[in-house]
Amino acid sequence: MTFTSIEADENIIQVRMENVEKNSLPVADIFQTFAKYDVNIDMISSVNYEDSLRMDFTCDDSSSKALNEAIGEVTEKHPRIHIFTKRNVGKLIVEGEEMRDRPGVAAEVFAILGKHMIPFSQVTTSEISISFVL
């Protein structure tokens, strides 16, 4: 498999929000709060539980101060949410137009990470890319 690009980005912050209400309005309010503080959010993923959501996202470490302020406001407005941050993590992005409609690409990338014992804590995909928080 030939990838068009493989990028690594260091100094990333991963944010995990647990017990998020399963409703688009509160989710929109949460992300509007981060936007108000100029936190540039990247790589959003979510897990649906029976009565809540877990949402993870990443942002650049340069947003650390603004992120902390935004988290304070979000927890005040949405007290049921528990927010955790993991700092100094990295992001790996594998991209390639050849990935589109080709079965087994994810399996190949996971196998490479596994062979090298590289753990990941978040993954997002599109038709032509796979991004990992490492």
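Me: How are the axes and angles of helices defined here?
Reply: Axes are lines fitted to C-alpha atoms, for helices over the stretch in contact, and angles between N-to-C directions run from 0 to 180 degrees. Helices (H or I, at least four residues) and strands (E, at least two) are DSSP runs, numbered from the N terminus. The model is predicted, so local features need pLDDT of at least 70 and side-chain atom pairs pLDDT 80 or more, whereas totals for chains, interfaces and linings use all residues. Residues are numbered from 1 along each chain as its sequence is written, and side-chain values use heavy atoms, without hydrogens and water.

Me: At what angle do the axes of helix 1 and helix 2 cross?
Reply: Helix 1 covers residues 24–36 and helix 2 residues 64–77. Their axes come within 9 Å and cross at roughly 150 degrees.

Me: Which term describes the direction of helix 1 relative to helix 2?
Reply: Angles under 35 degrees count as roughly parallel, over 145 as roughly antiparallel, 65 to 115 as roughly perpendicular and the rest as oblique. The crossing angle therefore makes helix 1, relative to helix 2, roughly antiparallel.

Me: In what order do the six strands stand in the open sheet?
Reply: The pairing is antiparallel, where two strands pair if DSSP finds at least two bridges between them. The six strands of this open sheet follow the order 2-3-1-4-6-5.

Me: Which strands stand at the edges?
Reply: Each edge strand has a single partner strand, so one side of each is left without a neighbour in the sheet. These are strand 2 (41–48) and strand 5 (122–126).
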